[in-house]
Amino acid sequence: MKLIINGEERTFGQPPATLASLLDQLCVPVARTAVELNGSVVEKHRFEATALREADRIEIVSFVGGG
Amino acid sequence: MADPYIPIYVNDSPCTVAAGTTLAQARARFCPEAAAAILNTVPDPPPETVLHGHDRLYLYENAGCFSEADLRRLILARQPHAATEKLRAACVGIAGAGGLGSVVAENLARAGVGKLVIADHDVVEPSNLNRQRYFLRQIGLPKAEALAGNLRECCPFVEINALRKRVTADNCVRVFGSCAIVCECLDAAESKAALVTALRRQLPDVVIVASSGLAGCESARPIAIRTVCDKLYVVGDQHSDSAEGLGLFASRVGIVASMQSHVAMQLIVGSTI
């Protein structure tokens, strides 16, 4: 399965079924991350229910503290 | 035959001068006592400079009281007029008035952004003053109020809506609904992610200029602008976390804040980011 993550194409031998499992596989700190799927933001409570498809474009924006 | 007269603007008022008129001649005619002249954003060009059609000339005496309109005109005389007019029509939201927000607000106010909506729930503390644009006399004051006061002292022509409240997913539409651009200047990583998600979801036409990675005293070189999409930019090095005890310095925080305000300014004037 191919996904485009932060603009880069990545191939997954074990395709993540949902956005939640992809973020888990990538060790993304979910509480401090904003995620967009094909140009639309996905709220945290929807990660588990969001299925991924071939060639989906995912932007993962993980924040660190300071302001 | 060339037109013997050309139209110019003197202190934003349309005027006509003879073709071939020099700066020195215009100065003598319009404001002989002028302490300084700014021609098309350039201060005090040579007196023999010949004026051209649609030139913008600002002449002013340093003494005396200025009206608010005069102040706006003269303070902004170093910016191209077309950009200034676009900035004047803009409304920008600023979430958080700390090390980032206080600098973003000052930069945008000084550029003449017409309206700023500033939201912060906190008060000024002594440990803020190493990087945040406040003064000793403001310790204990709500930051929203203190920042609005400081901005009015330098840029009285900017409309400021300063709100003492924490911006959340529940109130972000009420707070920033009138803004075309929102600068995310919060402190905690979780709050940043939550606000960006909420704004993208609830105000999809708003452009967000967020921040991530500005702590410590390592090089400023990795600080960059990440374009997530045409509605979301993230400024910072993306990794240096204040929660790891790196500390916060005015210079590095200020670079990120200035880049955020620069992106906002570019979005308004329509230049390529």
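**Exercise 1. How many Å separate the centres of domain 1 of chain B and domain 2 of chain B, taken over C-alpha atoms?**

One thing before we dig in: this is a predicted model.

*Step 1.* Start with the bounds. The domain assignment for chain B puts domain 1 at residues 5-78 and domain 2 at 84-269.

*Step 2.* Take the centre of each domain over its C-alpha atoms; the two centres are 35 Å apart.

*Step 3.* Now look at where they touch. Domain 1 of chain B puts five residues into the contact, and domain 2 of chain B also puts in five residues.

*Step 4.* Sort the domain 1 side by class: three nonpolar residues, two charged ones and no polar ones.

**Exercise 2. Get a feel for chain B as a whole.**

*Step 1.* Count the elements: chain B has eight helices and twelve strands.

*Step 2.* Check the extent. The C-alpha trace of chain B spans about 70 × 40 × 40 Å along its principal axes.

*Step 3.* Check burial. Chain B has 273 residues, and 41% of them count as buried.

*Step 4.* Check contact range. Take the contacts in chain B with a separation of 6 or more: 66% of them come from residues 24 or more positions apart.

**Exercise 3. Are H3(B) and H8(B) roughly parallel or roughly perpendicular to each other?**

*Step 1.* Recall the usual recipe: a pair of packed helices is described by the angle and the distance between their axes.

*Step 2.* Find the helices, H3 at residues 81-88 of chain B and H8 at residues 250-269 of chain B. Their axes come within 8 Å and cross at roughly 100 degrees.

*Step 3.* Angles of 65 to 115 degrees count as roughly perpendicular. H3(B) and H8(B) are therefore roughly perpendicular to each other.

*Step 4.* See who meets whom. From H3(B) come B:Ala83, B:Lys86 and B:Leu87, and from H8(B) come B:Met265, B:Ile268 and B:Val269. By class that contact has five nonpolar residues, one charged and no polar.

**Exercise 4. Work out the strand order of the open sheet in chain A, then say which strands stand at its edges.**

*Step 1.* Follow S5(A), residues 57-62, to one partner. S1(A), residues 2-5, runs parallel to S5(A) and is joined to it by two bridges. Here A:Ile4 stands opposite A:Arg57, and A:Ile5 stands opposite A:Ile58.

*Step 2.* Go to another partner. S3(A), residues 33-37, runs antiparallel to S5(A), with five bridges between them. A:Ala34 stands opposite A:Val61 in S5(A).

*Step 3.* Put the five strands in order: S2-S1-S5-S3-S4 of chain A, with mixed pairing.

*Step 4.* Read off the ends. S2 (8-11) and S4 (40-42) of chain A each have a single partner strand, so one side of each has no neighbour in the sheet.

*Step 5.* Add the twist: ignoring direction, neighbouring strands of this sheet are turned by 35 degrees against each other on average.

**Exercise 5. Describe how chain A and chain B meet.**

*Step 1.* Count residues: 15 from chain A and 30 from chain B take part in the contact.

*Step 2.* On the chain A side, S3 and S5 are the elements that give two or more residues. S3(A) supplies the largest share, three residues.

*Step 3.* Sort that side by class, and you get six nonpolar, five polar and four charged residues.

*Step 4.* Bring in a helix. H7 of chain B, residues 189-202, lies across S3, S4 and S5 of chain A and runs at about 30 degrees to S3(A).

Technical notes. Residues are numbered from 1 along each chain as its sequence is written. Chains are lettered from A and ligands numbered from 1 in the order in which they are written. This is a predicted model: local features need pLDDT of at least 70, side-chain atom pairs count only at pLDDT 80 or more; totals for chains, interfaces and linings use all residues. Domain bounds come from an automatic or database domain assignment. Two residues are in contact if their C-beta atoms, placed from the backbone, lie within 7 Å. Ala, Val, Leu, Ile, Met, Phe, Trp, Tyr, Cys and Pro count as nonpolar, Asp, Glu, Lys and Arg as charged, and the others, Gly among them, as polar. Two strands pair if DSSP finds at least two bridges between them. Helices (H or I, at least four residues) and strands (E, at least two) are DSSP runs, numbered from the N terminus. Axes are lines fitted to C-alpha atoms, for helices over the stretch in contact, and angles run from 0 to 180 degrees between N-to-C directions. Angles under 35 degrees count as roughly parallel, over 145 as roughly antiparallel, 65 to 115 as roughly perpendicular and the rest as oblique. A residue is buried if 20 or more other C-beta atoms lie within 10 Å of its own, exposed if 12 or fewer, and partly exposed in between; C-beta atoms are placed from the backbone.
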